[in-house]
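The exercises below are meant to be worked with the coordinates open. Try each task before reading its solution.

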Amino acid sequence: MMKTWQAVKRLLPMMTIFGLILAGCGREDLSVLRPQGPAAESSFGLIKLSITIMIVVLLIVFALAAYVMIRFRRKPNQNEIPEQIEGNHRLEILWTVIPLILIVILAIPTVKQVFAAGNDHANDKNAVKVKVTGHQYWWEFQYPDYGVTTAQDLVIPTGKDIAFELETKDVLHSFWVPSLSGKLDTNPAGTINRFSFSAPKEGVYRGKCAELCGPSHGFMEFKVKAVSEEEFKQWIDSMKAPAVLPEDPALAETFKNQCLTCHAVGDQGIANAPNLTGIGSREAIAGILINDDTREDGAPVEENLKTWLHDPQNVKPGNLMPNPKDLGLSDAEIDGIAEYLANYKLD
Ligand SMILES: [Cu+2]
């Protein structure tokens, strides 16, 4: 009785920790266990296959172990060592061949699907090409066929294969949308990695950087917005529309001189920092401040922009955005720019 209690006392904290860790896996849109596209479904199939094999092996081995422990346990007054059967050929062949068969069963679909996942659709005329560039701590998405560049919200048409070309501007990152596909690294030194996936259903899928890249790595989030083909075309058109600048001429001047020296809107500015075209329509500010007018999961976009602009380092430590105050902007100017950007929406 005492021993049981001690075992429980030792195991309890460990179980609690495991429970808490597993509880962290609960975010529906960030789970490989709820696949939303063919690439993720094929990985999920492999997960199910390997777990099934493991469970069957576990049950058989545990059942045999339990049987042996009960059936051959030492009887009262039994003092002699039982007959030793070391080197049983039949048994040894059996427990070598069975695992081999299991590994082959696992290997065939795994190899097949790994090669299928490497199919990059780079030369597929029907695929939508997207160049992904990882930056500390944001994602840039370029559509070379359309001449459009955006950041943080990757807009794609449903059902189409998206041919990705991955690169990084600084350190190693990893591009990962758990519910749509496996992950792929963005490599420095001009190495380009390619793969593709598609999203059959409209929706917003969360993506993450999956390679520790600095203090704000955990905040390096992005969204994949799968929309209908018409909506996608409309999005491209509105991204290509002439830039909208702040109405107030003085504020427009400040925005041009202080912000567009790194950022771009429409055809204005340069592309050293996230492109801001239509930022008011995005799912989040800085990837992590979720835009939600109902305030259920986040805050209204203008409030998020103010949070970001008044202290970018507080939101994402280590990012390259200078504090607008250090650039000489007044609180009123910062609020004005936040308001302007919040209303810069795409129709
Ligand atoms: Cu990262």
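**Exercise 1.** Does Cys-259 count as buried or exposed, and at what relative accessibility?

Solution. The model is a predicted one, in which local features need pLDDT of at least 70 and side-chain atom pairs count only at pLDDT 80 or more, while totals for chains, interfaces and linings use all residues. Residues are numbered from 1 along each chain as its sequence is written, and side-chain values use heavy atoms, with hydrogens and water left out. Buried means under 20% relative accessible area, exposed over 50%, and partly exposed in between, with a 1.4 Å probe and protein chains only. Cys-259 has a relative accessibility of 15%, so it counts as buried.

**Exercise 2.** Explain why Cys-259 has no disulfide partner in Cys-262.

Solution. A disulfide is a covalent bond between the sulfur atoms of two cysteines, and here the criterion is a pair of cysteine sulfur atoms within 2.5 Å. The closest cysteine sulfur to that of Cys-259 belongs to Cys-262 and lies 9.1 Å away, which is too far for a bond. The count for the structure is 0 disulfides.

**Exercise 3.** Identify the donors of the copper ion and their spacing in sequence.

Solution. Donors are N, O and S atoms within 2.8 Å of the metal (3.2 Å for Na, K and Ca), and since water is not among the atoms, sites may look incomplete. Cys-209 (SG), Cys-213 (SG) and His-217 (ND1) coordinate the copper ion at 2.1 to 2.5 Å. The donor residues follow the spacing C-x3-C-x3-H. Of these residues, Cys-209 is buried, at a relative accessible area of 5%, and His-217 is buried as well.

**Exercise 4.** Work out how strand 1 (residues 128-135) is paired and whether it is enclosed or not.

Solution. Strands (E, at least two residues) and helices (H or I, at least four) are DSSP runs numbered from the N terminus, and two strands pair if DSSP finds at least two bridges between them. Strand 1 runs parallel to strand 5 (residues 162-168) over 7 bridges, with Val-128 opposite Ile-162. Strand 1 is also joined by 5 bridges to the antiparallel strand 2 (residues 138-143), where His-135 stands opposite Trp-138; these two strands form a hairpin with 2 residues between them. Because 6 of its 8 residues are buried, strand 1 is largely enclosed by the rest of the structure.
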